[in-house]
Amino acid sequence: MSRFDPLLAARALWQIRIKKRPFVISHGVNARCNMRCSFCEYWKETGEDPGREEVFKLLEDAKAFGIGVYNAWTTEPLLRKDLPEIMAHAKKLGMITSMVTNGKLLFKRAHELKDVDFLSVSVDGTKSYKEIRNMDFEDLMKGLKKAIEVRKQQNKEHPILMNCVLSNKNLDDIEDLILLAKDLGTKISFEPVHEFPKIEDGTWEEFGIRDKEKFRRTVDRIIELKKQGYPIINSKTYLRMVRDGDMNYKCRASSVIINVTHDGTAETCRVQHEPLGNVMRDGFEKVWRDSKARREELVRNCDGCLFFGYAENSLMQGFNPEVLMCYEWM
């Protein structure tokens with residue numbers, strides 16, 4: 001978050017530490033995407049989008065369970081025409097709202113996002129962007145600038161976040177992206193590409209981090225610019241972990257964030273991708289209670305990851321001082 005809110009912090013701590021329940025729901029609000037990125041597996045999943053009333057019921061159950069933050073993501077949320085109504089319902093319930101978009105529809109729909117507190121846009125490069133996302137960088141910038149303008153008109157407190165996945169394709173663009181974030185008045189975050197096993201090996205030969213020394217130099221430069229005050233929201237602790245491939249931390253992601261797919265399937269996290277039960281059918285309370293042993297087993301046997309949201313939230317829950325000091329985002 002961009003400003004410390006003691007009441008929100010107290011609510012989150014009560015939910016996570018005392019009630020031992022997650023505070024954030026990361027929801028696959030739809031099952032479709034308007035991109036076909038080769039390194040992503042989510043667009044390959046098929047199914048029907050949940051109906052609006054189903055999503056409303058899900059939100060109401062999540063609120064009763066103690067969830068305080070609703071994040072719409074996976075595939076592309078802006079493909080839902082009723083997304084503004086869904087976000088408005090979450091706000092009406094008293095939730096903080098966030099959304100992750102690939103930005104392709106931002107120019108057209110930026111004015112509809114007044115109930116989105118935290119807006120995150122995937123920006124994975126400048127010169128390399130077209131090759132990575134198969135979309136012209138100028139078109140992305142057109143939408144991003146429109147969203148910045150609209151949010152200023154709406155007096156939004158939180159700046160847009162540009163999130164960037166570090167890969168073999170974009171290491172030469174990273175400093176330019178950081179300078180761009182400063183010029184635009186946005187924030188920026190980084191995380192390393194995760195090599196999902198379901199993606200073809202040839203894709204990882206193209207996108208995976210293979211030049212380790214160049215990767216280390218790039219992340220060192222991110223850390224240096226972070227120290228200079230550029231708008232990078234990652235902690236230096238996390239960035240050093242990324243640089244070194246260090247996953248030696250206690251994962252608390254599943255105790256902070258619950259993943260729910262478009263069909264209501266609850267998952268421990270996006271790495272394990274293991275179903276725990278269906279919250280649309282059985283409700284959060286029952287699924288959480290019945291999956292306790294399974295969740296503990298999955299976390300215990302996990303090889304780890306460096307997803308930004310999981311690692312930083314785990315470090316924060318472990319009361320890492322530097323992470324606590326610079327934590328800016330849900």
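Eight elements each supply at least two residues of the lining of the largest cavity: β1 (24-28), β2 (69-73), β3 (96-101), β4 (118-122), β5 (161-166), β6 (187-192), β7 (257-260) and α15 (308-317). This is a predicted model, and the largest cavity holds about 1000 Å³ of space. Below you will also meet a second cavity, a pocket, a nonpolar core and two residues with positive phi values.

**The largest cavity**

- The structure contains 4 cavities of 30 Å³ or more.
- A total of 45 residues line the largest cavity, and those nearest its centre are W73, V100, N163, E191 and R270.
- Helix α15 gives the most to this lining, contributing 5 residues.
- By class, the lining of the largest cavity is made up of 24 nonpolar, 15 polar and 6 charged residues.
- If you want to find this cavity in the 3D view, strands β1 to β7 and helix α15 are good places to begin, as each of them supplies at least two lining residues.

**The second largest cavity**

- About 150 Å³ of space lies in the second largest cavity.
- Its lining has 15 residues, with G28, Y42, E45, T74 and T261 lying nearest the centre.
- Strands β1 and β7 each supply at least two residues of this lining, and both strands also do so for the largest cavity.
- The lining of the second largest cavity divides into 4 nonpolar, 9 polar and 2 charged residues.

**The largest pocket**

- The largest pocket has about 560 Å³ of space.
- There are 17 residues lining the largest pocket, and K20, S254, S255, R295 and E296 are the closest to its centre.
- Four helices, α1 (6-18), α11 (253-256), α13 (284-290) and α14 (292-300), each supply at least two residues of the pocket lining.
- Helix α14 provides the largest share of that lining, 4 residues.
- The pocket lining has 10 charged residues, along with 4 nonpolar and 3 polar ones.

**The nonpolar core**

- The largest nonpolar core has 105 residues, of which Y70, M99, L119, M162, F190, I232 and F284 touch the most other members.
- Helix α6 (residues 137-153) gives the most to this core, with 7 residues.
- M99 makes a good stop on a tour of the core: leaving aside neighbours within four places in sequence, M99 is in contact with N71, A72, P77, L78, L83, M87, L113, V116, F118, L119 and S120.
- One of those contacts, L119, is itself listed with M99 among the core residues that touch the most other members.

**Two residues with positive phi**

- K20 has a phi near 55 degrees, a positive value in a residue other than glycine.
- K20 sits in the loop between α1 and β1, and K20 is one of the residues closest to the centre of the largest pocket.
- Is K20 buried or exposed? K20 counts as exposed because its relative accessible area is 59%, and exposed means over 50%.
- T74 is not a glycine either, yet its phi is positive, at about 60 degrees.
- T74 is found in the loop between β2 and α3 (83-92), and T74 is among the residues nearest the centre of the second largest cavity.
- Is T74 buried or exposed? T74 counts as buried because its relative accessible area is 16%, and buried means under 20%.

Technical notes. Residues numbered from 1 in each chain as written. Predicted model: local features only at pLDDT ≥ 70, side-chain atom pairs only at ≥ 80, totals over all residues. Heavy atoms only, no water. 1 Å grid on protein atoms, 1.4 Å probe; cavity = no way out; pocket = protein on both sides within 12 Å on 5 of 7 lines; lining within 4 Å. Points joined across faces, edges and corners; volume = space filled by probe spheres on them. Nonpolar A, V, L, I, M, F, W, Y, C, P; charged D, E, K, R; others polar. Core = buried A, V, L, I, M, F, W, Y, C linked by side-chain atoms within 4.5 Å. Buried < 20%, exposed > 50% of the residue type's maximum accessible area, 1.4 Å probe, protein only. Contact = heavy atoms within 4.5 Å.
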